[in-house]
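Work through the following exercises with the sequence and the model at hand. Each task is followed by its solution.

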Amino acid sequence: MIPFITAALIVMMPVLLAAQESPHAFRGAMIYPVEGEPIENGVLLVKGGKIVAVGSASDVSVPADAVVFDVPGKVIMPGFVDTHSHIGGGDGGDQSAALQPDIRILDAIDVRNDTFKKARAGGITTVNVMPGSGHLMSGQTAYLKLREANTINDMLFCKDPLNDVCGGMKMANGTNSIREKPFPGTRAKSAALVRQLFVKAQEYRAKVLAAKGDSEKMPKRELDMEALVQVLEGRRIVQHHTHRHDDILTVLRLAKEFGFRVVLHHVSEGWKVAKEIADAKVPCSIIVIDSPGGKLEAVDMRYDNGAMLEKAGVTVAFHTDDGITDSRLFLRSAAFGVRAGMSRPKALEALTLAGAKMLDLEGRVGSLKVGKDADFVILSGDPLSVYTHVEQTWVEGTKVFDRSNPDDRKYAVGGYEVFRSEAKANGCEGDTE
Amino acid sequence: MTSKNETVPTIPQQFRGCPISSENVILRPALAFRVEESDQKRDSSVAALPQNDNCFLFGQPLKEGCHATRWDGVLANHSGWGLSSLCGIMLILASHAHSQLAVRGETVYTMAGQAIKDGIVLISGRKIERVGPPAEVLIPSGYKVMTAKVVTPGLVDAHSVVGLTGIYNQKHDSDQLELSDAIQPELRALDAYNPREKLVEWIRDLGVTTVQTGPAPGALSSGQTVIVKTYGGTVTEALVDSIGMVTFTLGSDVSANFKTPGTRTKGVAMLRAEFIKAQEYAAKMKLKDPEKRPSRDLKMEVLVQVLSGRTKALITANRATEIMSALRLAQEFGFELVLDGAAEAYLLVDEIRKAGVPVILHPTMDRHYGDTRNVSFETAAQLRKAGISFAIQSGYESYVPKTRVVLYEAAIAATNGLTFEEALASITRDAARIIGVDRRVGSLEAGKDADVVLFDGDPFEYTSHVCGVIIDGTVVSETCK
């Protein structure tokens with residue numbers, strides 16, 4: 001056995017070294033860096049998992065030791081950032097309470113779940129995996145990088161899951177979280193329950209601050225309070241499901257009262273209160289659904305929601321809410337945004353940088369900028385065309401999806417026994433969208 | 001798209017509720033006494049709706065003294081309008097007098113031969129008058145001219161639940177599935193279709209002009225479909241065919257909804273037993289002595305209609321196991337089968353081709369979940385390659401999107417192995433043929449219904465818009481969507 005492993009290592013070594021040491025140069029593509037103008041006949045140079053240069057062929061010199069990929073006619077974009085997804089087979093809060101901020105989805109994610117492969121096939125490299133919307137607060141979300149992973153630690157953005165903030169806080173209002181006791185029965189009760197818990201967290205935080213590090217004076221540890229203190233201090237962003245115009249305003253009111261940072265998700269009626277959202281300087285992560293309805297809150301959903309929010313000055317990102325929409329078709333969201341009036345640059349930003357900002361990850365991902373992670377996609381053509389396919393997906397300088405490889409391609413198209421872990425049911429209203 | 005003439009043929013509000021036209025409707029007369037008349041192929045029937053004499057309802061004599069007149073075929077070929085009501089006559093005057101339209105497209109996909117560069121579709125009244133390049137088609141003066149980058153036939157959605165299921169997804173607009181019994185073929189979509197449903201308007205604005213809609217899959221037999229145009233204020237106005245097909249479902253969706261059948265095998269056994277009952281019923285109905293005939297049974301009548309080949313069986317079967325069960329049932333009972341869903345059809349292309357069975361394929365973007373776990377974007381391409389006749393459907397969604405849009409579903413097939421025109425055919429010509437309305441819709445040819453869609457670019461491109469929709473010569477949408 002040992003000789004075999006040794007032999008395998010020797011064979012693999014150059015490959016590993018190439019991925020980690022030699023720079024990779026991608027030449028000849030149309031590059032949309034998202035930050036900065038599109039570059040025709042561009043060169044993207046990556047090394048050690050980071051972007052070391054991006055520019056036109058005349059501006060970027062390719063080192064002699066670089067592994068060169070000539071990709072004329074292709075399009076290179078930053079890897080996509082999906083701000084709201086349910087891939088990975090995780091779960092969230094149970095039925096015991098409407099607010100469960102102590103729950104961490106990272107405790108339940110299966111890194112081998114093939115929905116991650118589906119997301120890579122769609123060009124997604126960063127994803128916010130969230131528990132569902134059937135609770136006012138269903139738990140802590142996980143910001144993941146879609147590296148090939150053996151454990152959840154291999155995917156997390158945070159370094160230390162025991163002490164770091166590794167995601168956001170999922171909240172919801174409106175009808176999804178209105179249920180039988182102990183859940184609220186009305187919208188007013190929903191808001192009151194949330195306020196009461198935040199008041200408690202304020203008091204808890206005050207005790208922590210008053211203790212000034214003296215362990216004798218510290219309040220008893222409470223997991224839910226600890227997570228909410230992170231929210232109150234702006235270190236953990238609230239990722240808030242909301243549809244109806246008045247529910248949206250309720251979120252803005254609560255965010256103002258307690259000073260937490262929030263991203264509005266879905267926001268089907270965002271177009272009705274676009275000015276209020278813009279004035280509050282709160283970003284929106286929206287979803288494109290082929291037709292309105294399915295629930296009362298989404299009856300007034302419109303294709304031009306993104307366009308109207310953009311016009312009002314709101315930062316807009318898209319999300320898949322996978323399995324509500326398919327990770328493999330994430331580009332389609334941006335194209336539908338443009339169809340209904342979004343500007344092309346903002347639509348592309350909404351797949352990448354805008355989402356990165358909503359997760360506090362814009363220093364690492366979201367654009368092709370020197371120093372950022374080498375996360376990018378190679379597309380067969382224009383990003384907004386139905387005829388374009390994601391050909392390759394790269395995460396930190398390593399190729400994680402290649403459509404020309406049959407083992408990868410099957411995840412892009414589906415087929416017999418390809419997806420052995422099922423997509424989330426479309427019928428579980430309480431959990432998604 | 002520009003309008004050069006303002007005489008838009010719309011339906012005045014006061015005529016709402018009037019039948020649009022007699023020729024609009026294929027009636028499905030009395031099931032029991034239609035059984036014997038196998039020489040009359042129903043898809044060639046074009047009939048008047050006897051709306052004013054109170055004698056008939058879809059061919060059924062309603063009161064004594066009325067003759068059981070066959071209405072289908074009577075008024076074919078524009079031989080007459082068959083409308084005695086003032087209402088109807090006024091409508092014809094109002095609508096037809098003004099329906100003079102010329103739709104000019106940079107590319108016109110007629111779906112009946114090569115696409116025409118700079119093509120003209122001339123519309124008079126409710127019908128297409130002529131189609132061709134300017135050298136062959138002169139636009140008469142007084143015709144309203146509409147222009148577009150791309151012109152296609154009105155889109156045909158071969159299987160939807162729109163109008164039975166509604167945008168609100170609440171009890172009052174959710175008539176898609178009756179769960180009181182696992183086998184209820186007697187339920188008519190006709191009696192539940194809401195033509196004013198917002199989702200109908202939604203798909204119409206996106207180019208869908210004809211739709212076979214009906215119950216959702218989920219019961220062994222959940223009822224009959226109806227084929228409608230996507231406009232009109234009443235089901236009568238919208239009607240193309242009062243019974244499209246009779247729907248059946250095999251698979252785990254059924255056992256999830258019912259205690260019995262609790263398994264797939266039980267489901268097949270129950271259907272077989274019901275068809276055997278129907279065979280016996282049909283035999284007894286032929287007895288010479290009327291006294292010995294059984295009393296009418298609506299369920300049996302419908303199944304007899306399926307057994308006689310008058311109405312096709314639309315069997316939703318997604319897994320390969322269920323597809324084989326459907327083929328076996330069709331073989332055993334000799335009915336005309338159309339496979340629905342067929343997620344794993346790619347495993348059985350030889351069997352499906354040999355059986356000569358058309359497929360109304362699941363939406364391309366269907367979720368891989370439950371019995372559709374193994375869906376592939378490339379199934380349409382595999383069916384095409386195998387020479388199997390297929391259409392792409394919008395299907396049924398219990399949540400979101402509350403309705404899918406066949407234009408979008410075909411687009412994904414077009415980027416996964418189908419050519420542009422093959423994908424377009426799956427939601428026009430081929431869809432019309434499979435649901436039996438290709439004599440009227442599905443292509444742009446002289447004499448066919450004037451159902452036309454105007455696009456500002458490649459219809460499948462995400463960023464293109466539907467900028468005009470014409471149904472039966474009436475412009476029903478003129479804003480880019």
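**Exercise 1.** Determine how many bridges join strand 10 to strand 11 of chain A, and place the pair in its sheet.

Solution. Strand 10 (residues 169–172) and strand 11 (residues 238–242) of chain A run parallel and are joined by 4 bridges; strands are DSSP runs of E, at least two residues, numbered from the N terminus. Two strands pair if DSSP finds at least two bridges between them. Within this pair, Met169(A) stands opposite Val238(A). Next, the sheet: 6 strands of chain A form an open, mixed sheet in the order 8-10-11-12-13-14. Strand 8 (137–140) and strand 14 (316–318) of chain A are its edges, each pairing on one side only.

The model is predicted: local features need pLDDT of at least 70, side-chain atom pairs count only at pLDDT 80 or more, and totals for chains, interfaces and linings use all residues. Residues are numbered from 1 along each chain as its sequence is written, with chains lettered from A and ligands numbered from 1 in the order in which they are written.

**Exercise 2.** Describe how helix 6 and helix 8 of chain B pack.

Solution. Helix 6 (residues 264–285) and helix 8 (residues 320–333) of chain B (helices are DSSP runs of H or I, at least four residues) pack at about 15 degrees, their axes 11 Å apart. The angle runs from 0 to 180 degrees between N-to-C directions, with axes fitted to C-alpha atoms over the stretch in contact. Helix 6 of chain B is therefore roughly parallel to helix 8 of chain B, the class for angles under 35 degrees.

Note on methods:
Parallel < 35°, antiparallel > 145°, perpendicular 65-115°, else oblique.
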